[in-house]
Amino acid sequence: MMSVVVRAEKMAAGGDAIAHAADGRVMFVRGALPDETVTVEITQTKKDFLKAEVVEIIEPSVFRVEPPCPAHAAGCGGCPWQHVSAPAQLDLKAAVVTEALRRTGKIADPRVVLGASVPPWAYRTTLRVATSRGSRLGLRGHHSHEVIELDGCPVSHPLLEDLLRRLQVRGEGEVSLRVGAASGERSVWVADGDVELVDVPGDVAVGPAAVVHETIGGNVLRVSAPSFFQSGPHAAELLVAGVRDACGDLGAIESCVDAYGGVGLLAAAVEARRITVVESSAAACADAAANLGDRHAEIVCSTVERWSPVNADVVIADPSRTGLGRNAVATLAATNAARVVLVSCDPVSLARDAGLLRDAGYAHVRSTVYDLFPQTPHVEVITVFERLSSTLVRT
């Protein structure tokens, strides 16, 4: 492996820093921060770019800190940004979002504003962990199938960390752990592989039918073990507040579509007279039906692409990391909503969707960046798009 000295310039989507090799090629450097001079080891060479890892810090960034977690030092890939000071993480993520909107979304001067961050530690209430040959649970190594066993996890809620330490298993696969911070309930579910639960604390519900309850924005929400939920209640509260603000005048919303609606977290927060939740997970649809039982809500268990759109004043969309894509954008545009509120967890897919929504007649208004996953490069963005007055899709 060849070692060279480079100067890191900025962060890239995915969490690596960008530098340039002597021949001008872009270099993605794992473990570096902007404005650092570092010695790196080249790990991959391609025609147009290189990949490298830091082996020595020559001139450190003022935002560099010592990672506190022993599992990180052992190779755990769960929290690769522990070397970045907590206050700097949101700024770096906002810079990545801005660059993606300019470069990929072709928005010359995107309005990107800083939202809020959850506490840097003990914020997670859901954790998907792996087991190999032993009875202990852990997380995968960086870009590896190796399981790094965990004695604890500093980003986990105390109830979750206790479960992580006490749960004993046998076999190989992955297990999903979840706790309700408000209710104190806990659940465990074998999500993948051949895993036997050997020793489970008596208060823990087991299996795909297990549920916990969480209170967000004054609403008590049921969350089944297979259903997606935010990283924790702090994250959910920030997301709910951000979406409510992005929707505009809540009192004027007659009808709202919540696409990729999950358990109804965002639909429950919007005071529309008619709500349509579109969600493909059967477990999440059942949760949404329970959580929105007192609302005028229709739960459609379908992918967004296969759903027959109805007219709406506002569309909320919270897709997976891959984003909306062309077909889903066409479907959502067919609602003729005056406003689309897009919740994105990947800067590049957000930028692609911004371009697709522009082509469908929606202008980018603003993107608000949140840090709901401290110690990681993952980012959450709430973006407002408004329909140009000349565009209307006939349904």
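Is the crossing of α7 and α8 left-handed or right-handed? In this predicted model, the crossing of these two helices, α7 and α8, is right-handed. The contact draws on G325, R326 and V329 from α7, and on D353, L356 and L357 from α8. By character, the residues of this contact of α7 with α8 comprise 3 nonpolar, 1 polar and 2 charged. As for the geometry, helix α7, which covers residues 325-333, packs against helix α8, residues 347-359, at an angle of about 45 degrees, and their axes are 10 Å apart. Angles from 65 to 115 degrees count as roughly perpendicular and those under 35 as roughly parallel, and α7 and α8 are therefore oblique to each other.

From the helices we turn to the sheet. Strands of a sheet pair through backbone hydrogen bonds, in either a parallel or an antiparallel manner. Here 6 strands make up an open sheet with mixed pairing, and their order is β1-β5-β6-β4-β3-β2. At the edges lie β1 (3-7) and β2 (10-11), each of which pairs on one side only. Within the sheet, strand β4, residues 26-30, runs parallel to strand β6, residues 49-59, and 5 bridges join the two; M27 stands opposite L50 in β6.

A last stop is a single residue, D287, which belongs to helix α6, residues 282-291. Is D287 buried or exposed? Its relative accessible area is 0%, and because buried means a value under 20%, D287 is buried. Apart from neighbours within four places in sequence, the residues in contact with D287 are R222, V223, S224, S227 and V263.

Note on methods. Residues numbered from 1 in each chain as written. Predicted model: local features only at pLDDT ≥ 70, side-chain atom pairs only at ≥ 80, totals over all residues. Heavy atoms only, no water. Axes fitted to C-alpha atoms, helices over the stretch in contact; angles between N-to-C directions. Helix = DSSP H or I, 4+ residues; strand = E, 2+ residues; numbered from the N terminus. Parallel < 35°, antiparallel > 145°, perpendicular 65-115°, else oblique. Left-handed = near helix turned anticlockwise from the far one by under 90°. Contact = heavy atoms within 4.5 Å. Nonpolar A, V, L, I, M, F, W, Y, C, P; charged D, E, K, R; others polar. Pairing = 2+ DSSP bridges. Buried < 20%, exposed > 50% of the residue type's maximum accessible area, 1.4 Å probe, protein only.
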